[in-house]
Amino acid sequence: GFSLTPTEFKALSEDGLRKRINRHVRELTRTMLVDSMGLLTEANFTNQEVIGLDTAFDKTKVTQIRTNAAFKKFGLEETAKAVVGVDYFENLMEDQEIVDSRGGTDANRNSSFSAPYRDLDWMASNIIPGNSENLVGFVTDGTGIALGVGVSDDLADQKPFGLSVGSYDSEIFTTPEGLAVRMTINYDQGTKTVNVVFDAVWGVAVGQASKLVLLASAV
């Protein structure tokens with residue numbers, strides 16, 4: 001979270017406060033995602049496809065992923081998700097046979113897929129852990145990792161985070177990804193500061209290990 005003096009708080013515009021809140025919530029959700037991706041190891045998920053270097057990642061490699069024996073067993077009631085490193089994503093986007101210059105069904109000139117490509121929702125990520133196993137991405141139908149999220153108990157009758165309570169407010173909201181976050185705003189009479197604190201509770205575990213395929217650059 002962050003703390004502001006009364007002068008700083010009064011000087012902060014509504015838009016400025018919103019931006020600071022958004023930044024801290026993004027950092028908290030990033031922590032959740034990093035924690036979840038820490039499970040992406042060969043010990044947890046035995047299915048793997050070696051796709052080589054990012055400079056060679058193209059539509060042929062997409063076919064290679066789709067014909068992986070484990071992937072072909074996915075239920076696919078929903079579109080499967082392919083998460084790859086940023087360089088892999090960008091190289092795929094530059095395949096001119098994929099990019100539709102009209103901004104059509106496969107990809108557009110804003111460097112993002114406007115619809116699933118080859119029945120995969122594509123996402124770029126810069127937090128994929130290598131885990132000393134050359135990991136560069138993964139494919140899942142959404143059930144490979146189990147993530148439980150929530151918030152701490154209501155703090156209204158307590159002294160939140162050890163602070164003297166002068167005035168107090170607490171609000172729970174969810175991110176577009178469905179992650180729950182509690183925001184607590186407290187005015188500390190002793191220090192005359194406004195404290196804004198964010199917290200969340202979550203747990204991660206291997207879900208259906210057969211429904212996630214690791215993508216590696218090399219064996």
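**Sheet order, helices and two positive-phi residues**

Arginine 118 is partly exposed in this predicted model, with a relative accessible area of 32%; because this value falls between the limits of 20% and 50%, the residue counts neither as buried nor as exposed. Arginine 118 belongs to the loop that connects helix H4 (86-93) with strand S4 (120-125), and its backbone adopts a positive phi of about 55° although the residue is not a glycine. Aspartate 119 lies in the loop between H4 and S4 as well, and phi of aspartate 119 is likewise positive, near 60°, in a residue other than glycine. With a relative accessible area of 52%, aspartate 119 is classed as exposed, because the cut-off for that class is over 50%.

Strand S4, which follows this loop, is part of an open sheet of 5 strands, arranged in the order S2-S11-S5-S3-S4 with mixed pairing. The edges of the sheet are formed by strand S2 (48-50) and S4, each of which pairs on one side only. Neighbouring strands of the sheet are turned against each other by 20° on average, when direction is ignored. In general, the strands of a sheet pair through backbone hydrogen bonds, in either a parallel or an antiparallel sense.

Within this order, S5 stands between S11 and S3. Strand S3 (residues 80-85) and strand S5 (residues 135-140) pair in the antiparallel sense over 4 bridges; the bridge partner of valine 84 in S5 is glycine 137, while that of lysine 81 in S5 is threonine 140. The pairing of S5 with S11 is also antiparallel and extends over 5 bridges, and here glycine 137 has leucine 215 as its bridge partner in S11. Glycine 137 is thus bridged to valine 84 and also to leucine 215. All of S5, 6 of the 6 residues, is buried, so the strand is largely enclosed by the rest of the structure.

Helix H3 (residues 59-66) lies across S2, S4, S5 and strand S11 (212-216), and runs at about 115° to S4. Helix H2 (residues 14-37) comprises 24 residues and reaches 34 Å from its first C-alpha to its last, close to the 34 Å expected at 1.5 Å a residue. The buried residues of H2 are Gly16, Ile21, Val25, Leu28, Thr29, Met32, Ser36 and Met37.

Key
Residues are numbered from 1 along each chain as its sequence is written. This is a predicted model: local features need pLDDT of at least 70, side-chain atom pairs count only at pLDDT 80 or more; totals for chains, interfaces and linings use all residues. Side-chain values use heavy atoms; hydrogens and water are left out. Helices (H or I, at least four residues) and strands (E, at least two) are DSSP runs, numbered from the N terminus. Buried means under 20% relative accessible area, exposed over 50%, partly exposed in between (1.4 Å probe, protein chains only). Two strands pair if DSSP finds at least two bridges between them. Axes are lines fitted to C-alpha atoms, for helices over the stretch in contact, and angles run from 0 to 180 degrees between N-to-C directions. Contact means heavy atoms within 4.5 Å. The expected span of a helix is 1.5 Å times one less than its number of residues.
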